[in-house]
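Trainee: I would like to learn how to read the pockets of a model. Could we work through an example?

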Amino acid sequence: MARFAAVAVCAAALLLAVAVGGAAAQGVGSVITQSVYDAMLPNRDNSQCPASGFYTYQAFISAAAAFPSFGTTGSADDVKRELAAFFGQTSHETTGGTQGAADQFEWGYCFKEEITPTSPPYQGRGPIQLTGQSNYQLAGDAIGVDLVSNPDLVAQDAVVSFKTAIWFWTTAQGNKPSCEDVALNRWTPTAADTAAGRVPGYGVITNIINGGIECGMGQNAANVDRIGYYTRYCGMLGTDTGSNLDCYTQQNFAS
């Protein structure tokens, strides 16, 4: 009887471990299903978009699996809010939408690289528009691909492309927290952050990504676009946006 009880306990523990592991393995795909992905990005394969056919759902899921914390951490609302924030920011970075149009926030993932390169050969590519040799070096080292010698890979291999975006999202750099920590409300502003007006919320994620151009200058179209995408996705996923959505009065991290 004792042996049977021990076996039963072990079996129960194993089943629990499998269940927990299965939930983690499901991860992002349990929230961002194929149908949700298609609804969020209805024009990504539009013939007008240079990235048509590139950003496949399977490429996103494959890339996400390499980052266990991404889209799997915290409460159900935490998970939804992080994913809404990720897609909100990356949709703006790749948008093909027209400002003020009824469908402005339905054109995410239209581009896979800058049309007019600003810093070749390390110009913006992929969902996060990875830019600069340093970022290509760091991202490549993290995902095990030589992106310094072959930066075009970020616009040629969709899994690599998504991996660079998720790497950037989950990685703190310098005095900047990771976008993920901000999205999950795990970031505590320092005294310097507070003095600079940087407060927890979606707005500081914009500051992390492009604060030097978009933050601390009052209302601007880029912020409005990022917020519009995020708000749409939060509604689709059934969660709230939280507060402090813009960075209009925040000093950027480099100042």
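Trainee: By class, how many nonpolar, polar and charged residues does the lining of the second largest pocket have?

Mentor: A class count sorts the lining residues, with Gly among the polar ones. In this predicted model, the lining of the second largest pocket has eight nonpolar, five polar and two charged residues.

Trainee: What is the volume of the second largest pocket, and which residues lie nearest its centre?

Mentor: The volume is about 210 Å³. Of the 15 residues that line this pocket, Arg 81, Val 182, Ala 183, Gly 201 and Thr 241 lie nearest its centre. Two or more lining residues come from each of helix 4, helix 7 (179-183) and helix 9.

Trainee: Which element gives the largest share of that lining?

Mentor: Helix 4 does, with three residues.

Trainee: Now the other pocket. What volume does the largest pocket have, and which residues are closest to its centre?

Mentor: Its volume is about 720 Å³. The lining holds 30 residues, and Glu 93, Gln 129, Thr 131, Ile 209 and Asn 210 are the closest to the centre. Helix 4 (76-93) and helix 9 (202-214) are the elements that give two or more residues to this lining.

Trainee: Where does the largest share of the lining of the largest pocket come from?

Mentor: From helix 9, which gives seven residues.

Trainee: And how many residues of each class are in the lining of the largest pocket?

Mentor: The same sorting applies. The lining of the largest pocket has 16 polar, ten nonpolar and four charged residues.

Methods
Residues are numbered from 1 along each chain as its sequence is written. This is a predicted model: local features need pLDDT of at least 70, side-chain atom pairs count only at pLDDT 80 or more; totals for chains, interfaces and linings use all residues. Side-chain values use heavy atoms; hydrogens and water are left out. On a 1 Å grid over the protein atoms alone, a cavity is a set of points where a 1.4 Å probe fits but cannot get out, and a pocket is an open set with protein on both sides within 12 Å along at least five of seven lines; lining residues have an atom within 4 Å of a point. Grid points are joined across faces, edges and corners, and a volume is the space filled by probe spheres set on the points. Helices (H or I, at least four residues) and strands (E, at least two) are DSSP runs, numbered from the N terminus.
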